[in-house]
Amino acid sequence: MIAELGLAALWLSAALAVLQMVSGALGLRDGASPHALYARPAAVVQAFLATLAFFLLLYAFAVTDLSIKLVATNSHSAKPFIYKLTGTWGNHEGSMLLWIAVLALSGGLLGGLERRMPEKTMSATLMVQGFVALGFYAFLILSSNPFERLRVPAVEGSGLNPLLQDIGLAIHPPTLYIGYVGLSVAFSLAMGALITRQVTPDFAKVMRPWVLGAWVFLTFGITAGSYWAYYELGWGGWWFWDPVENASLMPWLAATALLHSVSVLAARDALRTWTIMLGVLAFSMSMLGTFLVRSGVLTSVHAFAVDPERGAFILGLLGLYIGGALVIFAMRASSIAEGKRFTATSREGALVFNNVMLSAILAIVLLGTLYPLLTEAFDVRVSVGPPYFNPAGAIFAIPMFIVMAIGPLLRWKDDKPGRIQFEAAMLAAIVIAIVAVVAVLGDYAILPLLGLALSVALAVAAFLPLRGRNIRRVPTATWGMVLAHFGVAVSLFGMACESAFTSERLAAVAPGDTTQVADWTVKLESVDPVAGPNWTAIEARVLAARGDEEPTVLTPQARNFWSPPQPTSESALITRLDGQLYAVIGDSAGVDANGKERWQLRVWWKPFVTFIWYGGLLIALGGIVSIVGRLQVDLKRRKAKALGDARRDDLDELNGGDTLPEPAE
Amino acid sequence: MRLAYLIPLGLFLFFAGLAGYMLTQPKEQNVPSQMIEQPLPDFTLEPALEGMPGATKADFVGGEPRLLNIWASWCLPCIAEAPHLERLKQEGVEIIGVAVRDRPEAVEDFLSRYGNPYSRIGADDISELMLEIGASGVPETYVIDAAGNIRYQHIGDIREETVPLLLEKLEEAR
């Protein structure tokens, strides 16, 4: 029953998406059709049904309903309960269903709650939203039906990829999806505004919370994903410039640029076409990511369910939405006035500069990710790695960080650089002092060194906008910006320290032997077999002590899952304020001279590495604070408006119904 | 309509065309190469890590035909081809590696994780040999006969079905 109900809910949702699209389109005509009223309710009911479908699949996974093909191929009755649940979205079909459920839910929120825009723009937005949703329903129902039954129920499921049996999976994909989908709402809004030529500050204010929300989720998802890869893969790295990682980074870069440009549009009525372009770009990047990941056109360490046929379907959707959006953009963009002017040395100027820098970094990442696809068309297979991404990205990241430090200090519209010369000089002095001191202390690569110096300057600069202001009267949204910018500094500090100061030791040690890494003494005590619910492993008992302190016990494991069979490496970590000790146990390395068995033990000391993820969390938190701040202001304004309306009505009554002249603004 | 507004559409159409074309292409390719039947250029490469010899042209001369494998620890397809190189080694083939733009720690790391099929590994820090033998990317594998001539070039990662092909080419190069 569950599967049939779920499928029925999906079909009904798809039908409602058609209604939403048609009704939205009717709302665009002059003298709107009475049927235009259906767009909003269609979005709300659709949200309910699509969410229901997702929960039905969740239930099927929870009870391990082996008559459903997806459950049988991806789950197992002996799997821990929490991973049965998270397994719902640990596969292609389930993750697409999650995607569509979130899409419908945000469509419902938009249709149900948003009343600030002109009704025509809203109709156009809901039309686009319905059109986008329809494509994904078609994709899900026609080529990736999650509720497909097996004619004969399976006796036992075949299990979930053990790398995915981790709490990381509970967090990382859903947050990223919510982020991607939030960008689809921004896309619909941008198209709605473009179609009805209503690219106004009001529209920007409606769009901003969606962009901010999507961006918070993306930031959090990428941060969680990076940490998950760091401890789960056992490679000791936190970013690999893998196509799938890039696929999540590119929408983030576009969303970051969009977030700043939409703020300029809301505050100053400038950057109209640029904001629309970024709205299209951000969603294009999330769809492009979906395409690259699931079509198998690129080689990646992330093994997704790869299928060229599905790839063709997604490419078709990509062509339809992005191609269509860009055609409309090309036709309409010139009819949108460019908006207010400003000089280069103004806050808008700094924001535009950093928008361009972010777009350039996005282009670098996009080129590096797609380059193998391009050369492969000429029968040449290549892999583009850190030797390209790091320096090429840094060329644009370094000026961006500098402008990011100074930009928030500038005034809107026009400012004299001389006014902030003290702050600028102080920040420059910090950078120069740190580069000089660290360069004298040791021999480090230039990029980490610059990153380190810039991170400290940025950390100081993040708080400068608060200088000379009454702390209690600073708007909440400004606190959000301060937090997020400080988070960037913290994260950059972590990255720079990790790449400059990491010590690594790979040793073949027998139980009883010790090895040294940085100021840590690491002793292998014993290696024993252990067993878990669906795996067996060899577990090393390692004593790690820093200097003369009491040793801490670490238990890294080399696990073998038996369903499906696959080895994984479970790292063990000691987290300190100033860094992390990271230990991995490898294979047996033969016997030593005394006949004792030796094991490969790999230990890293990574100074301040955790700051990378603390910074990511701070950035996301800054976004949340900003949303709260914007909502507060909005609620206050609504209340004031309601109060004003009521007062006017009272006055009208007093004046015997004569309307008073509208006060000029 | 301003022409500049058409640029994003143009770029997108180019990408969509490329991606669409690539989706229709079979993934396996065995590419005939310009390098066949030409002698290896003279080169001397420092060892890519401590404890293993580096590589020179002289290492390819005499004895049996060998494989020259161009790879890097930062290259993802190289991870995919590692088990197949291991199989070639088990078949008795001598494989000389050239690590492109790499660091000794990273090389050591890669080998300890994915196995070491190489008899020697030279460090090509500035893609010098790579350019000279006309390799356009990483990974690539060359069949070199006992006289030091390039007999066959395989572009891209070695897959399961490439192993017998390479063994055949090695046999032909005797």
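Student: In what order do the elements of chain B run from the N terminus on?

Tutor: Read such a string from left to right. In this predicted model, chain B runs α-β-β-β-β-α-β-α-β-α-β-β-α from its N terminus. That gives 5 helices and 8 strands.

Student: What does the C-alpha trace of chain B span along its principal axes?

Tutor: About 70 × 35 × 30 Å.

Student: How many of the residues of chain B count as buried?

Tutor: Burial is given as a share of the chain. Chain B has 174 residues, and 38% of them count as buried.

Student: And sequence separation? What share of the contacts in chain B joins residues at least 24 apart?

Tutor: Start from contacts between residues at least 6 apart in sequence. In chain B, 76% of these join residues at least 24 apart.

Student: Now the two chains. At what angle do helix α12 of chain A and helix α1 of chain B pack?

Tutor: Take the angle and the axis distance together. Helix α12(A) covers residues 347-377, and helix α1(B) covers residues 7-24. They pack at about 60°, their axes 10 Å apart. Roughly perpendicular begins at 65 degrees and roughly parallel ends under 35, so α12(A) and α1(B) are oblique to each other.

Student: Is the crossing left-handed or right-handed?

Tutor: For α12(A) and α1(B), left-handed.

Student: Which residues meet there?

Tutor: List each side in turn. α12(A) brings Leu370(A), Leu373(A), Leu374(A), Glu376(A) and Ala377(A). α1(B) answers with Phe15(B), Leu18(B), Ala19(B), Tyr21(B) and Met22(B). By class, the contact of α12(A) with α1(B) has 9 nonpolar residues, 1 charged and no polar ones.

Definitions and conventions:
Residues numbered from 1 in each chain as written. Chains lettered and ligands numbered in written order. Predicted model: local features only at pLDDT ≥ 70, side-chain atom pairs only at ≥ 80, totals over all residues. Axes fitted to C-alpha atoms, helices over the stretch in contact; angles between N-to-C directions. Helix = DSSP H or I, 4+ residues; strand = E, 2+ residues; numbered from the N terminus. Parallel < 35°, antiparallel > 145°, perpendicular 65-115°, else oblique. Left-handed = near helix turned anticlockwise from the far one by under 90°. Contact = placed C-beta atoms within 7 Å. Nonpolar A, V, L, I, M, F, W, Y, C, P; charged D, E, K, R; others polar. Buried ≥ 20, exposed ≤ 12 C-beta atoms within 10 Å, placed from the backbone.
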